[in-house]
Amino acid sequence: RVKEHGRNSVRQFIPEMGQNAISRLNMEAAMRRGLEQNEFLLHFQPKIDLLTRKVVGAEALIRWQHPQIGLIHPVEFIGIAEESGLIIQLGEWVLRHACEQQVRWREAGMPELQMAVNMSSRQFRQDDLASRVAQIIADTGIRPARLTLELTESMVMQDLNSTLATLRSLKNLGVSISLDDFGTGYSSLSYLRRFPIDELKIDKSFINDIHTNPDDAAIASAVIAMSLSLGLDVVAEGIENAEQAAQLREMKCHQGQGYYFSRPVEAEQFAAYIRRQED
Ligand code: C2E
Ligand code: MG
Ligand code: MG
Ligand code: MG
C-alpha cells in the first residue's frame with residue numbers, strides 16, 4: 001500500500017536513518033526525548049454519516065512535531081516505535097490524550113462523538129491491555145461506549161485464541177472494536193463472525209478507483225453487504241471525491257472518512273468544522 005506523506009515531512013531523512021542501526025538508535029532516542037518534551041500531538045479526522053453528512057466521530061492520528069525536522073507522519077516512525085517497544089508508551093499517550101479530548105469536547109457542549117484510536121500490534125498483545133485501557137477510561141471519564149479501538153486484520157488473525165480472549169476482555173469494558181484497513185490482510189471470514197467486532201473499515205485502496213474500476217466496486221459492495229448482514233457497521237476510508245461518496249451511499253455504506261470531507265486536523269479546527277456544520 002502506498003502511504004500518504006505529509007507535505008512537511010522530510011521523506012529522505014527518516015528512511016535513511018531506518019536503514020542504519022546507529023541512526024536507528026538515534027531515532028529511538030529522539031522519540032524518547034520527544035515523548036518527554038511533548039513533541040507528539042494528535043490530529044483528528046471526522047467520520048461522516050454519508051446520508052446526513054453529519055460528523056459522527058473522530059479518528060485520532062498521531063503526529064510528531066520535531067523541533068528540527070518539522071511535522072513527521074506516523075508512517076515514518078510507528079514501525080521503529082513498534083520494533084523498539086516504545087510503541088507501548090506512545091500508544092498509551094495517544095489513548096489517554098484522545099479520551100481527554102473526547103471528554104473536553106463533550107464538556108464544551110459539542111454533540112457527543114465516537115473517538116477512534118489506532119492500536120499497534122505490540123500494544124494489542126500486552127497481557128494487561130484491558131486493565132490499562134480501563135485505567136485510562138477511569139482517569140479521563142470517557143464513556144466506554146464512546147471509545148472505539150481500531151485493530152488491523154493482521155493483528156487479530158495471529159494467535160486466534162489469545163485474540164479472542166483479549167477482544168472479550170475489551171468488550172467487557174464496554175468499548176467498541178473496529179477492524180481497520182479491511183481487505184488488505186487475510187481475514188478468515190469464519191473468525192470475523194466469531195470475534196466480537198463492531199465495525200469494519202474498508203481500506204482506501206478499494207475506494208480509490210471505486211467509481212472507475214468495476215472490480216474494486218464489486219469488492220467494496222461485497223464487503224458492505226457482508227458487514228450489514230453480520231450486523232457490523234461499515235466505514236469507507238479514503239473518500240476523496242463526490243463520485244466515490246455517491247457510489248458508496250448507493251451501496252448502502254453508511255459511514256465514511258476522507259479528504260473529500262476533511263483531512264485530519266488539529267482539535268481546534270475539528271471543533272470549528274463541527275460548528276460550521278451546525279449553522
Ligand atoms: P489508518 O488508521 O488506516 O488511518 C488512515 C490514514 O489515511 C491516515 O494517515 C489518514 O490521514 C489517511 N487518509 C485519510 N483520508 C484520506 C484520503 O482521503 N486519502 C488518502 N490518500 N489518505 C487519507 P496517517 O495519519 O498518516 O496514518 C497512517 C497510519 O498510521 C494509520 O492508518 C495507522 O495505521 C497508523 N497510525 C496513525 N496514528 C496512530 C496511532 O496513534 N497509533 C498507532 N499504533 N498507529 C497509528
Ligand atoms: Mg485507523
Ligand atoms: Mg485504515
Ligand atoms: Mg493503517
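Here is a walk through a predicted model, from its two magnesium ions to the ligand beside them and on to its cysteines.

Let's begin with the magnesium ion that is ligand 2. Four residues coordinate this ion: Glu59 and Glu150 through OE, Asn118 through OD1, and Asp180 through OD. The distances run from 2.0 to 2.2 Å. If you want to find these donors in the sequence, look for the spacing E-x58-N-x31-E-x29-D. That spacing brings together distant parts of the chain: Glu59 sits in strand β2 (residues 55-66) and Glu150 in strand β5 (residues 147-152), 91 residues apart.

Are Glu59 and Glu150 buried or exposed? Both of them are buried. For Glu59 we can put a figure on it: its relative accessible area is 6%, and since buried means under 20%, Glu59 qualifies. Besides holding the magnesium ion (ligand 2), Glu59 has a side-chain partner within the protein, making a polar contact with the side chain of Gln257 at 3.1 Å.

Now move over to the other metal, the magnesium ion that is ligand 3. Which residue coordinates both ions? That's Asp180, and the two ions are 4.1 Å apart. Around the magnesium ion (ligand 3), the donors are an OD atom of Asp180, an OD atom of Asp181 and two OE entries from Glu237, with distances of 1.8 to 2.7 Å. Along the chain, the donor residues read D-D-x55-E. Here too, distant parts of the chain are linked: Asp181 belongs to strand β6 (residues 176-182), while Glu237 lies in the loop between β8 (233-236) and α12 (242-250), 56 residues away from Asp181. Asp181 and Glu237 are both buried.

With the metals in place, turn to ligand 1. There are 25 residues around this ligand, and those that come nearest are Arg63, Asn118, Asp180, Glu240 and Tyr259. Two of these names should ring a bell: Asn118 and Asp180 are also donors to the magnesium ion (ligand 2).

Several polar side chains reach ligand 1. Asn118 places a polar side-chain atom 2.8 Å from one of the ligand's oxygen atoms. Glu237, which we met as a donor to the magnesium ion (ligand 3), has a side-chain N or O atom 3.1 Å from an oxygen atom of ligand 1. As for Glu240, an N or O atom of its side chain is 2.5 Å from a nitrogen atom of ligand 1. How much of the accessible area of ligand 1 does the protein cover? On its own the ligand has 800 Å² of accessible area, and the protein covers 90% of that.

What sort of residues make up this shell? By class, there are nine nonpolar, six polar and 10 charged ones. Strands β2 and β6 each supply at least two of the shell's residues, and β2 gives the most, with four. Remember that β2 is also the strand that carries Glu59.

Finally, a quick look at the cysteines. A disulfide is a covalent bond between the sulfur atoms of two cysteines. How many disulfides does the model have when the sulfur atoms must be within 2.5 Å? The count is zero. Cys99 is buried, because its relative accessible area of 0% falls under 20%. The same cut-off makes Cys253 buried, at 1% relative accessibility.

Conventions: Residues numbered from 1 in each chain as written. Chains lettered and ligands numbered in written order. Predicted model: local features only at pLDDT ≥ 70, side-chain atom pairs only at ≥ 80, totals over all residues. Heavy atoms only, no water. Disulfide = S-S within 2.5 Å. Buried < 20%, exposed > 50% of the residue type's maximum accessible area, 1.4 Å probe, protein only. Donors = N, O, S within 2.8 Å, 3.2 Å for Na, K, Ca; no water. Near = heavy atom within 4 Å. Polar contact = N/O pair within 3.5 Å; in protein donor to acceptor, adjacent residues only side chain to side chain. Areas by Shrake-Rupley, 256 points an atom, 1.4 Å probe, with all protein chains shown as cover. Nonpolar A, V, L, I, M, F, W, Y, C, P; charged D, E, K, R; others polar.
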